[in-house]
Amino acid sequence: MVTLGMAGLLATAGVTVLAGTAEAASTLGSAAAGKGRYFGAAVAANHLGESPYATTLDTEFSSVTPENEMKWDATERTRGSFSFGSADQIVSHAQSKGMKVRGHTLVWHSQLPSWVGGLGTADLRTAMNNHITQVMQHYKGKIHSWDVVNEAFQDGSSGARRSSPFQDKLGNGFIEEAFRTARAADPAAKLCYNDYNTDGVNAKSNAVYNLVKDFKARGVPIDCVGFQSHLNSASPLPGDYRANLQRFADLGVDVQITELDIAGSGTAQANSYSSVVQSCLAVSRCTGITVWGVTDKYSWRASSTPLLFDGNYAKKSAYTAVLNALGGSSGGGGGSATCTATYSKAEEWSDRFNGKVTITAGSSAISSWTTTVTLTSPQKVSATWNGTPSWDSSGNVMTMKPNGNGTLAAGASTSFGFTVMKNGNSAAPVVGGCAV
Ligand code: XIL
């Protein structure tokens with residue numbers, strides 16, 4: 001209580017708690033650790049021999065997720081015959097570098113060997129429980145969190161379960177059974193449900209929410225929910241991303257961002273990344289973030305350049321945005337230019353409201369700034385003032401730059417404003433990080 005009270009007081013007084021002489025953390029992993037969180041990457045065993053790949057991984061990240069090596073088709077391609085070679089390679093690499101490991105994934109409709117789909121009900125139940133047990137026991141004590149069940153719900157408005165051998169033959173109870181079996185196999189591992197297109201409040205995330213709520217009410221073991229967060233123009237960062245994480249956390253589970261990648265480039269991409277990091281930091285039960293790959297060139301969506309390092313392992317502006325959002329700095333120890341963007345609501349009417357964003361320079365003067373404001377569709381901005389806006393193709397993300405000269409002295413502030421037409425939705429816009 002005392003700690004909370006103090007933090008609130010400091011925040012109200014506008015004191016920057018972390019200001020001072022200590023040099024800011026200069027890697028993603030160390031900056032995240034400063035916030036009590038891990039920062040991970042999906043890793044492919046066959047790239048570990050590529051020196052810049054391994055160096056970037058080892059330098060920057062504090063957790064790894066095997067991208068494919070722990071999936072059913074890799075670990076039990078033939079019934080009862082388990083192969084852990086390439087997953088073991090990743091786990092021992094991680095352990096030798098002091099990185100944590102996320103387990104991904106035990107029960108999933110995809111990358112599932114065809115023999116599983118051919119089993120009858122009783123046999124399938126035995127095979128599912130045996131698979132969970134064997135894989136988890138092999139890695140017992142080495143995995144901080146397991147995606148026990150992955151992607152069990154359909155996209156769209158139905159909130160229904162996705163068809164899979166497990167769903168179709170074992171029925172709705174398969175998820176509960178998988179989690180109970182997983183708890184018995186490695187009681188120390190956190191057990192997660194993981195999915196995509198659940199990053200905002202929608203029919204699919206509501207279905208997952210109801211599942212978790214029911215599990216908590218009935219004492220079915222579940223510790224965490226993973227939000228894949230594969231974001232692109234068709235699935236942009238939802239305006240209620242943080243609120244959605246928070247409502248799950250409020251059910252009494254941890255939340256993790258498990259497969260983050262954001263299509264795009266430049267400032268727009270950087271700002272979206274920054275918003276995701278800020279959202280996680282704002283939710284105390286958001287325990288870590290994993291990006292789905294180390295370098296754009298090996299991304300499963302390489303053509304959309306969705307990661308933090310480019311194909312030559314150079315840091316992208318998205319990298320700097322993430323590092324800054326985590327409170328780190330790649331600059332020469334404290335003197336680097338930074339800024340922050342904070343949102344507040346001003347006037348509100350039945351059909352619209354005005355938002356205000358305050359831009360404040362960090363401990364050095366800045367010569368320009370940019371930030372983003374993400375609306376929840378079908379909201380629209382009808383007016384802006386004291387800034388120069390541009391819009392992404394979805395029409396939901398406004399990138400704002402200064403009108404003319406964007407110079408701010410160290411610690412100085414300016415603000416811009418805008419009117420949001422609600423069109424039936426009064427959700428607050430999400431303001432991205434501030435980039436200099
Ligand atoms: C992807 C891998 O990145 C690809 O290499 C593979 O070909 C297909 O799977 N959701 C998940 C991940 O849970 O396992 C998927 O990974 C991406 C979508």
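These legends walk through several close-up views of a predicted model. Residues are numbered from 1 along each chain as its sequence is written, and side-chain values use heavy atoms, leaving out hydrogens and water. In this predicted model, local features need pLDDT of at least 70 and side-chain atom pairs count only at pLDDT 80 or more, while totals for chains, interfaces and linings use all residues.

**View 1. The ligand and the residues around it.** Let's start with the ligand, which has 13 residues around it; a residue is near a molecule if one of its heavy atoms lies within 4 Å of it. E67, K71, H104, E259 and W292 are the closest. Sorted by class, this shell holds three nonpolar, six polar and four charged residues. In this sorting, Ala, Val, Leu, Ile, Met, Phe, Trp, Tyr, Cys and Pro count as nonpolar, Asp, Glu, Lys and Arg as charged, and the others, Gly among them, as polar.

**View 2. Polar contacts to the ligand.** Which side chains have an N or O atom at 3.2 Å from an atom of the ligand? For Q111, the partner is an oxygen atom of the ligand, and for Q228 it is a nitrogen atom of the ligand. The side chain of H104 has an N or O atom 2.6 Å from a ligand oxygen. A polar contact here is a pair of N or O atoms within 3.5 Å. Taken alone the ligand exposes 420 Å², and the protein buries 79% of that; the areas come from the Shrake-Rupley method with a 1.4 Å probe.

**View 3. Two cis peptide bonds.** H104 appears again here, joined to T105 by a cis peptide bond with omega at about 0 degrees. T105 sits in strand β3 (residues 100–107); strands (E, at least two residues) and helices (H or I, at least four) are DSSP runs, numbered from the N terminus. Another cis peptide bond joins S377 and P378, with omega about 5 degrees. Where is P378? P378 lies in the loop between β12 (371–374) and β13 (380–385).

**View 4. A disulfide between two strands.** A disulfide is a covalent bond between the sulfur atoms of two cysteines. Counting pairs of cysteine sulfur atoms within 2.5 Å as disulfides, the total comes to three. One of them joins C192 and C224, with sulfur atoms 2.1 Å apart. This pair links distant parts of the chain, with C192 in strand β5 (residues 190–195) and C224 in strand β6 (residues 224–227), 32 residues apart. The link of C192 and C224 is left-handed, with -85 degrees about the S-S bond.

**View 5. The largest cavity.** Rolling a probe the size of a water molecule over the atoms shows where empty space is left. On a 1 Å grid over the protein atoms alone, a cavity is a set of points where a 1.4 Å probe fits but cannot get out, and lining residues have an atom within 4 Å of a point. Grid points are joined across faces, edges and corners, and a volume is the space filled by probe spheres set on the points. The whole structure has three cavities of 30 Å³ or more, and the largest has a volume of about 60 Å³. Its lining includes W108, H109, R162 and F174. β4 (145–150) and α8 (165–170) each supply at least two of the lining residues.

Terms used:
1 Å grid on protein atoms, 1.4 Å probe; cavity = no way out; pocket = protein on both sides within 12 Å on 5 of 7 lines; lining within 4 Å. Polar contact = N/O pair within 3.5 Å; in protein donor to acceptor, adjacent residues only side chain to side chain.
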